[in-house]
Amino acid sequence: MKIKKTATITFHKAINYGAVLQTYALQQSILKLGVDNEVIDYSTKAIDDEYRLIKINSIKSFIKSCIIFPNFYYKKKNFKKFIDKYIHLTKYLTKSDLTKSDFSDKYDLFIVGSDQVWNYKLINNDATYLLDFVKYNEKKVSYAASFGIDIIPNKLFSWYKNNLNSFNKILLREKTGEKLLNDLLHKKASIVLDPVFLLSQDSWNSILQKTKFDDMSNEYILIYMSTPKIKKYAYDLSKKYNLKIFHITDFLLNQKIKIGNLEKELSPNDFISAIKNAKFVVTSSFHGIVFSIIFNKIFFVDSMDKSKSLTSSRQKDILELLEVGDRQISVNKNDEDFIPIDWTLVNKKLSLERNKSLCELKNLLRIEE
């Protein structure tokens, strides 16, 4: 049967640049292939609680949320504006709406999108993200889904196995997920690019509006998801090249570790603009790396600590895949110690991998070449 109408479910409401931009990118990629797509406007309580303006689960979180309230309010508002303008949503749906007898008939295919949608710690065992509400197994697929864990607890093994065994096709984002799926179902899955890579630099440019970053192109260093090493490295770079520092952060209560001009309210497209116009990007974020690659920006990475080993693995996988080389900062290592990035080679490799992932997406959508 030819696929005409599809629905995606993912973390589209998270106040997180990577989450929202991968949602937009996957939808745009599907639409560009001539297939209708809507993002299901559903979110689990665990995600909603994480991004509440005022948190009341503890005294500490309550005080912190009150302090950052003004900035977070405007940031959340900017995210909503982006979603309303650029992402096609269904009406708001509850779990009871999704499980109605006729809902599965409204779409030809249901796609679990990218992000850590199968991380039980994030979804609190909400099987909606494993498409348990879809009546027909042939309509269940995933694109670049991630477990976000490296071990499945024994008590959840059957839960994962029973739900994932009903999928018609599974495409994953990371190698760690490939091993988990094999342990669960004894099946191999294809690894595909994060959706943001499916759109070209020109496609991303098309949603950018003029920002202050355009007026300072190549005159500043951008920090995103900082660590102590990142702050020191960026500081040294700024002194060496006499560059300003812009620091994208949600909050910074300790003024002693403040560095640069703090950017707490950027919209998703302004986030892209900040990376596009930077001279250097210093980050521990996967999507910070991804957009640096898309826009051919010189970037440096501090991988997360061992407790965040999956984040480090995800970074390592994409750097190796695109043959970018080692971008890990360390003590007494300056920018001249890194091998220069051959952007001609990287762009050629990215184009090849993008085409492979688009072919996998076409196969999901049953589009004949």
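Helices α1 and α10 (residues 268–276) pack at an angle of about 100°, their axes 10 Å apart. The two are therefore roughly perpendicular to each other. This is a predicted model. Helix α1 also packs on a parallel sheet and feeds a nonpolar core.

**Helix contact**
- From α1, the contact uses Tyr17, Val20 and Leu21.
- From α10, Pro268, Phe271 and Ile272 take part.
- Six residues of this contact are nonpolar; none is polar and none is charged.

**Sheet**
- Seven strands make an open sheet, ordered β3-β2-β1-β4-β5-β6-β7, with parallel pairing.
- β3 (89–92) and β7 (190–191) stand at the edges with a single partner strand each, so one side of each has no neighbour in the sheet.
- Strands β1 (residues 5–9) and β4 (residues 109–112) run parallel and are joined by four bridges.
- Opposite Ala7 stands Phe110 in β4.
- Helix α1 touches β1, β2 (36–41), β4 and β5 (140–145).
- The direction of α1 makes about 155° with that of β2.

**Nonpolar cores**
- The largest nonpolar core holds 66 residues.
- Tyr143, Trp204, Phe291, Ile293 and Phe299 have the most contacts inside it.
- Helix α1 (residues 17–32) gives the most to this core, seven residues.
- Beyond its neighbours within four places in sequence, Ile293 contacts Phe197, Phe299, Leu322, Val324, Trp343, Val346, Asn347 and Leu350.
- A second, separate core has 38 residues, among them Tyr120, Ala145, Phe167 and Ala189.

How values were computed: Residues numbered from 1 in each chain as written. Predicted model: local features only at pLDDT ≥ 70, side-chain atom pairs only at ≥ 80, totals over all residues. Heavy atoms only, no water. Core = buried A, V, L, I, M, F, W, Y, C linked by side-chain atoms within 4.5 Å. Buried < 20%, exposed > 50% of the residue type's maximum accessible area, 1.4 Å probe, protein only. Contact = heavy atoms within 4.5 Å. Axes fitted to C-alpha atoms, helices over the stretch in contact; angles between N-to-C directions. Parallel < 35°, antiparallel > 145°, perpendicular 65-115°, else oblique. Nonpolar A, V, L, I, M, F, W, Y, C, P; charged D, E, K, R; others polar. Pairing = 2+ DSSP bridges.
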